[in-house]
Amino acid sequence: MNRMGSIRRQTRCGLVILGLLALARLDAANIEGALSMEEAINRTLARNPDLMALGHQIEAQQGRVAQSGIGPAAELALDVENVLGTAGFRGIGAGEETLSLSWVLERGKRQNHVAAARAGLSIVEAEMEIRRLDAATLSALLYLDNLELQERYAISLQAIEAAEAAVAMLGQGMETGLATAGDLARARADLAAARLHSADAKHDLSAARHALAMQWGQVKPDFPGVSGDWRRLPLPGTIEALLEQLEAAPDMAAYANRRRLREAEIRLAESEARPDWSISTGIRRLEEDDDYAFTFGFAAPFGGAGRNRGQVREARANLAQLDAERTAARARIEAQLLAIHQEMEHSLLRAEMLRDELLPRLREAAEHARKGHEAGDDGILDLQALELEKLSVQSELVQAVIDARRQQIEIERLIGAAMPPAA
């Protein structure tokens, strides 16, 4: 039963990771040498230092399971009587020897030890799967950081080009009297600001690449960037459908494994309250007649039935505490899910308004300003302002879309299931 639960849990966590990989395949590589989300996740799962360390913990727990199945060793004893005494018992000639073999009757304790150890192994295995899912999720989020910062850096280079063009046009306008020294100074200030912003974006992008590479223990990134289509908008689904999947989420399923361990600890504590019996058998040599006889023995301690009541009470209290923690955890996860889902809906609304309403109007206004300038109107600074505003809105659009995809990944991590594909 425990093993089947472990298999189901591992399968569900594995499906979430496969869902992330399926999402990653939509971001197929389109730059030579660039890293895709799928490759980033696979590198993390194969080489993450924390995951490798946890693998040794599983091996240690497997050793505990093997050890728990070994019962107490039988005891071989030799008793010598009637020696080194007085009168006829001087020396060892009158001695009588008894060779006996005894062993303990555990009365089901070994099975309970094995059950507790196996439940502990299920917990460690569940922790391993959750940690793998966390590592894959973090890699996906860091990949999205790189994708966003990469696009922001490209936009900053476009802003520099636009500012340089404005400075050149105003320089020509100074010669024809269509621009003033103040106009040129303002354009140059815009150019300096654009270059500063671009330098900041380049620094942030470099830091993001290093953070992603550290997921698989690599100090220096070996990829020039990441590849993917940042424009895809995810589908939010309904909060009711997401809440229905919460019970089977990895974090909630982990409580089922911990509950099995607490139940096994109760059974173990109850079995420990039963005293061990021991039996023995052997052979004795009778010196007087030089004969041999078999011996049998049985031993059971008195007053042991109630000696373990405190431990049983403690184990039951631990189970009750776990149930209370599970209820509290469920409430916290529901609250997180509601908050992230609302943020995702807001990010999607913001992205759609930026893409479908604000950007088209800015493009239209910039086109009118450009035509006016070509017709002889003095509107270079207005055109420059519109171009920079358009690029700023483009940057906001990138952030809104990437935020929605981040929230999608966080929701999938919480519910342990993939959401609908992106549009």
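This is a short walk through a predicted protein model, from overall layout to a few individual residues.

Okay, housekeeping before the fun part. Residues are numbered from 1 along each chain as its sequence is written, and side-chain values use heavy atoms, with hydrogens and water left out. Since the model is predicted, local features need pLDDT of at least 70 and side-chain atom pairs count only at pLDDT 80 or more, while totals for chains, interfaces and linings use all residues.

So how much can we trust it? pLDDT is the predictor's confidence in each residue, from 0 to 100. The mean for this protein is 78, and 71% of its residues reach 70 or more. Confidence is highest in α5, at 93, and lowest in helix α1, residues 2-25, at a mean of 47. Two stretches fall below 50. Residues 1-12 are one of them, with 19 contacts in the model beyond near neighbours in sequence; residues 24-29 also sit below 50, with 17 such contacts. By contact I mean heavy atoms within 4.5 Å. And the usual caution applies: where pLDDT is low, the predicted coordinates should not be read in detail.

Now the layout. There are nine helices and four strands; those are DSSP runs numbered from the N terminus, H or I of at least four residues for helices, E of at least two for strands. In sequence order you get α-α-α-β-β-α-α-α-α-β-β-α-α. If you take the contacts with a separation of 6 or more, 80% come from residues 24 or more positions apart.

On the surface side, the accessible area comes to about 22900 Å², with 55% of that belonging to carbon and sulfur atoms. That's Shrake-Rupley with a 1.4 Å probe, and for residues only the protein chains shown count as cover. Of the 423 residues, 41% count as buried, where buried is under 20% relative accessible area, exposed is over 50%, and partly exposed is in between, again with a 1.4 Å probe and protein chains only.

What sits in the middle? The largest nonpolar core has 72 residues, and Leu212 and Leu337 have the most contacts inside it. Elements giving two or more residues to this core include α4 (109-176), α5 (181-213), α8 (309-374) and α9 (380-415). The top contributor is α4, with 18 residues. A nonpolar core here is a set of buried Ala, Val, Leu, Ile, Met, Phe, Trp, Tyr and Cys residues joined through side-chain atoms within 4.5 Å.

Let's look at α5. Its 33 residues should span 48 Å at 1.5 Å a residue, and the end C-alpha atoms are 48 Å apart, so that agrees. The expected span is 1.5 Å times one less than the number of residues. Its buried residues include Leu184, Ala187, Leu191, Ala194 and Ser198. That's worth holding against the helix geometry: an α-helix has 3.6 residues a turn, so residues three or four places apart point the same way. Leu212 is on the buried list too, and beyond four places in sequence it touches Leu35, Ala40, Ser139, Leu142, Tyr143, Asn146, Phe223 and Val226.

Past α5, in the loop leading to α6, we find Gln215. Buried or exposed? Gln215 counts as buried, because its relative accessible area is 10%. Its side chain makes a polar contact of 3.1 Å with Ser139. A polar contact is a pair of N or O atoms within 3.5 Å; within protein, one must be able to donate a hydrogen and the other to accept it, and residues adjacent in sequence count only if both atoms are side-chain atoms. Gln215 also touches Thr44, Asn48 and Pro49, among others.

Gly225 is in that α5-α6 loop as well, and it is buried at 5%. Its C-alpha is 7.6 Å from that of Gln150, 75 residues away along the chain. Gly225 is in contact with Ala34, Leu35, Gln150 and Arg209, leaving aside neighbours within four places.

Last stop, α9. With 36 residues, it reaches 53 Å from first C-alpha to last, close to the 52 Å expected. This helix is mostly covered, with 27 of its 36 residues buried. Lys390 lies in α9, and its side chain has a polar contact of 3.3 Å with that of Glu387. Farther off in sequence, Lys390 touches Leu359, Leu362 and Arg363. Just after the helix, Gly416 takes a positive phi of about 70 degrees.
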